[in-house]
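Biologist: Could you take me through one part of this model in some detail? I'd like to look at the place where the two chains meet, and then at what sits behind it.

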Amino acid sequence: MLKKKKTPKQPAARGTATQKTTGRKQTENELRLVDELRLKNIVFETSAAANSTADNQGNINHVNAAFLRLWGYRTEEEAVGKSVASFFADQKDALPVMEALKTTGQWEGEFLAKRTDGTTFITRGSATVIRDESGKQIGYHSSNIDVTGERRAQEELREKNEEMEAANQELSAANEELTASEEELKAAEEELHVQMLELEKSEQKFHDTVKYLDEGYYSCNIDGLVLDHNRAFNQILGIDIDQDMKGKKLPDFWQNPGDRKEYLSKLMNEGSIRNFQINAKTISGKKVFVMASAHIVKDDGGQPVRIEGTFNDFTERVRAEQELKTSEERFRTAAESITDVVYEWDLKEKLVWYGNIDGLMGYPANGFPRTLAGWIATLHPEDVDNVGKAIEGQLKGAKPYAVEYRIRKKDGEWRWWSARGTALRDGRGEPYKWVGAITDITERKLAEQALRESKVQLEQRVIERTQELQAVNKEMTAINEELNASNEEITAANEELQAVQEELQKQREEQRVILDSVPAWVFYKNKENRFIRVNQAFADVMGISKEQLEGKSLSDFYPREQADAFWNDDLKVITSGQPKRNIIESMDSPKGTLWVQTDKIPYRDAQGNIIGIIGFTIDITELKKAEDLIQQRTTSLEASNQELESFAYSVSHDLRTPLRAIDGFSKIVIEDYGDKLDDEGRRLLKVVRDNTSKMSKLIDDLLTYSRIGRQEATTGTVNMAALARSVVDEIEQANTGRQVSMTIGKLPPAAGDSALLRQALINLVSNSFKFTKPKPDAEIEIGFTTEAGVTWYFVKDNGAGFDMRYAGKLFGVFQRLHSQEEFEGTGVGLAIVQRVIHKHGGKIRGEGEVGKGAAFYFTLPG
Amino acid sequence: MPCPNRITKEKSMNYDEIEILLVEDNQTDAELAMRALKKHNLANSLYWAKDGAEALDFVYARGDFAGKKLEHMPKVILLDLRLPKIDGLEVLKQLKTDEKTKMIPVVVLTSSKEERDIVESYKLGVNSFISKPVAFEEFLKVVSDMGLYWLLLNKPPR
């Protein structure tokens, strides 16, 4: 509160100045008294404060110039006679003043004052009872100064403080909002964690956003290892902005281990913590003040997996608050230290100070300069000119002397003084002395300065924080929008995924059914020689379940060499990328040794990289057995064919030679020794030669029959009519003298081997010629008939015919239905015919009746 | 059975006068053939080789025939196919692939009627292929006709 201030000596009332002048000493005393009174009057008059005196009734009887300025009077006469009660804007304020004066003789304080024009101002003042030498009350003295400006500054300061408080609350609300949004963000993030690629994208977005937030963000595991952090995290903790702290221990930023303990126990117990104030330090040890929030992220099982936290640096704000507080303190001190010092100057070198000038200026008693030069030396150099001009203005032009200047204290501190002064002039108007008063206004100056600064600072901060808030809000909105968009995308992707998965599941099931149903072994193997999947057939043959087989390699079932052999094939496919087909190999299985045929093709992923092989194996054991059997039979058939061939060759070559010898030498006997043989002897030799001839014929027929069996039939279009004509011509030539009625029909062409068909026709037509020999009106017809769309060629005659009971023997080799005496023949002719027809894929049948003729029908491919 | 190894009675026969080289392993066939030729006086300058090796030695004046003039060639070679030591087709092949001997007329005279023998012989360059008839009269006729043709009618290069 207000500091006690020096009360000026009470001035003497008017009219008492020249009382009692007794003796020299008395005269001296009186003179001194007069001087002192005059001095007091001067002080009264020239003080910067509004001074007034009033009589015991409270009516004003004297005021100074400052009083007139303060209350708005033009002249002293206007003020004189007014009641001091008129000082108060509110009369109630006057009562405590009167009470204090009555009881203690003095009062100090503030009140709302009213000027003559009705305007009000705040004044701080003091009032004292004036007493005469005998102690009797003769009036009141009052001194006031206007403190409206100071009060207004204080008020403004208070308002600014409130504004700042409001801004802080706004900030805090925004922080909470931020934290809340952040929680939403984290919840969404957790949701995202179970998703796939989209998740990572939005996480990256989030990360990028967080990265540039001013708020420090970090995520760490339970052991305090940093999992993630943003740039602000580094900045606040004094770490190089680009340093990656991931995987490192969370730095120890606690100034006070107790804080840490409290923080952690609260976080662990409650799962989260909000706006915890921490006296922290950066890694370089700089003290910072942070507000930290954090929460524990738990897994599905409720086990804590990591801590996510944020914190703000409030160091600057706290400092600003501190500064404000300091300036308030200064202001208060300034307000308290208003004081006046009165001085006197002889217009030469001597200065006299009234008041505790030495104490104020930090000097020992009488230490402050008492000379003009000494005083000027303490003036601020920048103010010396101003002050000099003001003094000159007063001395030469009687301009009011009212200046503010800086003056140095003993310890070097500059103080602001507000100074007023008046030159006293003699009868001729010449100044002979100067009196004045100073007021220390340093505190006011400083308060004003601080106010100005803090006002600017505050406004700046409010603007900055508003901008920051707007930016944060904007970012949050953007993040939310992104999150919403991401969520929608994820939902859409999930639906799609689900549909795809269902379809995939369906396809898998279909595939499994197909794979398990095919009568082959299907298997997928990876590059590490392990079965990825096999079908049921494969599992069955291995005698274990599919699940047991999958993941195993063949070396789990086979000796190393055998398994390696299979694997080598796989490797070739994998390295070359070329399928390997029709690998035929044997393998052991619980079912015995199996022969298998395998196709191996590269197993590629969607990018075309070979990731293994797909195998497709067929059990060809039975086939192999059949093939082996066929191979054996073919071999033995080939051998017997070979034998037959050499047999036939032998017959054709070697058998004929002795026959020729028998015949030849029989003939030589007849030629050379015929005259020595009788008829019977010659007949017998003829029988030998006839039989060699028959045997030769028999050998020829048999060779023909055998050759037809071995010979491949060539296929071409055969003009059957022309062929028949040619055959008939040939046979007629060999049977000249025979009268036979020949009929050849318009035979349709056939597909076949013309040489073989010629042989068949020759045999058939020869037979007809032979068996019609006894008939005088022999008839032979070569024609065709159509039965059920099939063409039957036939050779029909009216010859000896045959008994249908023996029809089954017609086409057998050496089968004869007639005696050699009736009709010559080897019994091979029809067998050859049948063989030719069968060789062409045709059919043959014979019809006949004894004595009436025979007919042979055959078909050929058209 | 007395077997005439050579038609010519003289052991010291002159190989350089041989006009017919008969290559035949079967004695009776050889005898019948020579009888047929003899009827037409065609067997006087005939040499009978009993296998393929002997036939080649004769032609190339080797071994027993070292004194024979290499440049003298028979007017015709009657060649059976189934022969001991060196087969008839092999003999034919050697004769027909050698510049010195390829112009000698070679007639295959065999019991075989097999198509493959005929085709193979012609591929190797045979001049004629004759299948021996079993009936003796036919045989005589075929052999004598053939002998007359090659020795009298045919004009070989000199």
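Modeller: Here is the interface, followed by the sheet of chain B and a salt bridge inside chain A. Bear in mind that this is a predicted model, where local features need pLDDT of at least 70 and side-chain atom pairs count only at pLDDT 80 or more, while totals for chains, interfaces and linings use all residues. As for bookkeeping, residues are numbered from 1 along each chain as its sequence is written, chains are lettered from A and ligands numbered from 1 in the order in which they are written, and side-chain values use heavy atoms, with hydrogens and water left out.

On to the interface: 22 residues of chain A touch 23 residues of chain B, contact being heavy atoms within 4.5 Å. Together the two chains bury about 2100 Å², with 51% of that on carbon and sulfur atoms; buried area is the accessible area (1.4 Å probe) that two parts lose on being put together, summed over both.

Six salt bridges cross between chain A and chain B, each one a side-chain nitrogen of Lys or Arg within 4 Å of a carboxyl oxygen of Asp or Glu. Take D29(B) and R660(A), which form a salt bridge with their closest N and O atoms 2.6 Å apart. On the chain A side, α17 (621-673) and α18 (679-710) are the elements that give two or more residues. The largest share, 18 residues, comes from α17(A). Sorted by class, this side of chain A has six nonpolar, six polar and 10 charged residues; Ala, Val, Leu, Ile, Met, Phe, Trp, Tyr, Cys and Pro count as nonpolar, Asp, Glu, Lys and Arg as charged, and the others, Gly among them, as polar.

Now for chain B itself. Its open sheet has five strands in the order β2-β1-β3-β4-β5, with parallel pairing. Strands pair if DSSP finds at least two bridges between them; strands (E, at least two residues) and helices (H or I, at least four) are DSSP runs, numbered from the N terminus. The edges are β2 (46-49) and β5 (128-131) of chain B, each pairing on one side only. Inside the sheet, β3 (76-79) and β4 (106-110) of chain B pair over three bridges, and L79(B) stands opposite V108(B) in β4(B).

Back in chain A, E110(A) and R151(A) meet in a salt bridge, 2.1 Å from N to O. That pair joins distant parts of the chain, with E110(A) in strand β3 (106-114) and R151(A) in helix α5 (148-193), 41 residues apart.
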